[in-house]
Amino acid sequence: MTKTYCFSINSYNQFQQLIHYNDNKKRVLIIYIKYYLIKGFGLNWLNILIKMIKENYSNYNIKFFIDSGNDHGLSVLVMKENIQYIKLRANSIILNKINQISKKNKVLLNPNFNVVDFSKFKKIRQKI
């Protein structure tokens with residue numbers, strides 16, 4: 001099985017730099033947003049970030065992977081925002097219930113991706 005990578009970004013500027021490194025527009029680019037960013041800036045910040053990315057880079061195939069931590073309510077709210085992947089840490093009963101909601105919204109819950117921090121990705125690219 002091939003490894004699927006997603007890139008953790010902290011700002012829109014980091015996303016622009018990541019797009020600059022991405023040569024293939026058809027390849028799926030998965031963006032990982034950490035829990036503390038959403039908790040700190042709020043769901044409005046996430047909506048605006050996604051809207052800006054989709055407007056300015058509509059010719060790229062971009063999907064989003066959101067970490068909702070232990071916050072079950074946040075995971076349900078994020079599902080309504082046209083997100084493709086959600087990471088949630090909870091017990092099996094709550095995961096089963098939220099998994100039923102995610103199937104209706106066509107969201108994959110707890111996928112197995114290798115997360116690459118963008119700051120480390122830049123250092124690797126400079127050495128090459």
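Colleague: Among contacts between residues at least 6 apart in sequence, what percentage join residues at least 24 apart?

Modeller: The model is a predicted one. A contact here requires heavy atoms within 4.5 Å. Among such contacts between residues at least 6 apart in sequence, the share that joins residues at least 24 apart is 59%.

Colleague: In what pattern do the helices and strands follow one another along the sequence?

Modeller: The protein contains six helices and six strands. Read along the sequence, they give the pattern β-α-β-α-α-β-α-β-α-β-β-α.

Colleague: What is the radius of gyration of the protein?

Modeller: The C-alpha trace spans about 45 × 35 × 25 Å along its principal axes. For 128 residues the globule rule gives 14 Å, and the computed value is close to it, so the protein is as compact as a globular protein of that length. The radius of gyration is 15 Å.

Colleague: What percentage of the exposed area do carbon and sulfur atoms supply?

Modeller: Of the 128 residues, 38% count as buried. The protein exposes about 8100 Å², and the part of it supplied by carbon and sulfur atoms is 51%.

Colleague: Which residues does Ser 8 contact, leaving aside its neighbours within four places in sequence?

Modeller: Ser 8 lies in strand 1, residues 5-8. Its relative accessible area is 1%, and because buried means under 20%, Ser 8 is buried. Leaving aside neighbours within four places in sequence, its contacts are Gln 14, Tyr 32, Lys 34, Val 115, Val 116, Asp 117 and Phe 118.

Colleague: How many residues apart are Tyr 21 and Phe 118, and which elements hold them?

Modeller: A search of the whole structure finds nine aromatic pairs. One of them joins Tyr 21 and Phe 118, with 6.4 Å centre to centre and 45° between the planes, a tilted arrangement. The pair links distant parts of the chain, Tyr 21 in helix 1 (residues 12-21) and Phe 118 in helix 6 (residues 118-127), and the separation is 97 residues.

Colleague: Is Phe 118 buried or exposed?

Modeller: Its partner Tyr 21 has a relative accessible area of 25% and is therefore partly exposed. For Phe 118 the relative accessible area is 0%, so Phe 118 is buried.

Colleague: Which residues form one aromatic cluster?

Modeller: Ring centres must lie within 6.5 Å for a pair to count. The residues that form one aromatic cluster are Tyr 12, Phe 15, Tyr 57 and Tyr 60.

Colleague: How far apart are the end C-alpha atoms of helix 5?

Modeller: Helix 5 covers residues 92-104, which is 13 residues. At 1.5 Å a residue, helix 5 should span 18 Å. The computed distance agrees with this expectation: the end C-alpha atoms are 19 Å apart.

Colleague: Which residue with a positive phi follows helix 5?

Modeller: Most residues other than glycine have a negative phi. The residue in question lies in the loop between helix 5 and strand 5 (108-109), and it is exposed, with a relative accessible area of 74%. Although it is not a glycine, its phi is positive, at about 60°. The residue is Lys 106.

Colleague: What is the phi of Asn 110?

Modeller: Asn 110 is in the loop between strand 5 and strand 6 (114-117). At 33% relative accessibility, Asn 110 counts as partly exposed. Asn 110 is a residue other than glycine, yet its phi is positive, near 55°.

Technical notes: Residues numbered from 1 in each chain as written. Predicted model: local features only at pLDDT ≥ 70, side-chain atom pairs only at ≥ 80, totals over all residues. Heavy atoms only, no water. Phe/Tyr/Trp six-rings, centres within 6.5 Å; stacked < 30°, edge-to-face > 60°. Helix = DSSP H or I, 4+ residues; strand = E, 2+ residues; numbered from the N terminus. Buried < 20%, exposed > 50% of the residue type's maximum accessible area, 1.4 Å probe, protein only. Expected span 1.5 Å × (residues − 1). Rg over C-alpha atoms; globule rule 2.2 N^0.38 Å. Areas by Shrake-Rupley, 256 points an atom, 1.4 Å probe, with all protein chains shown as cover.
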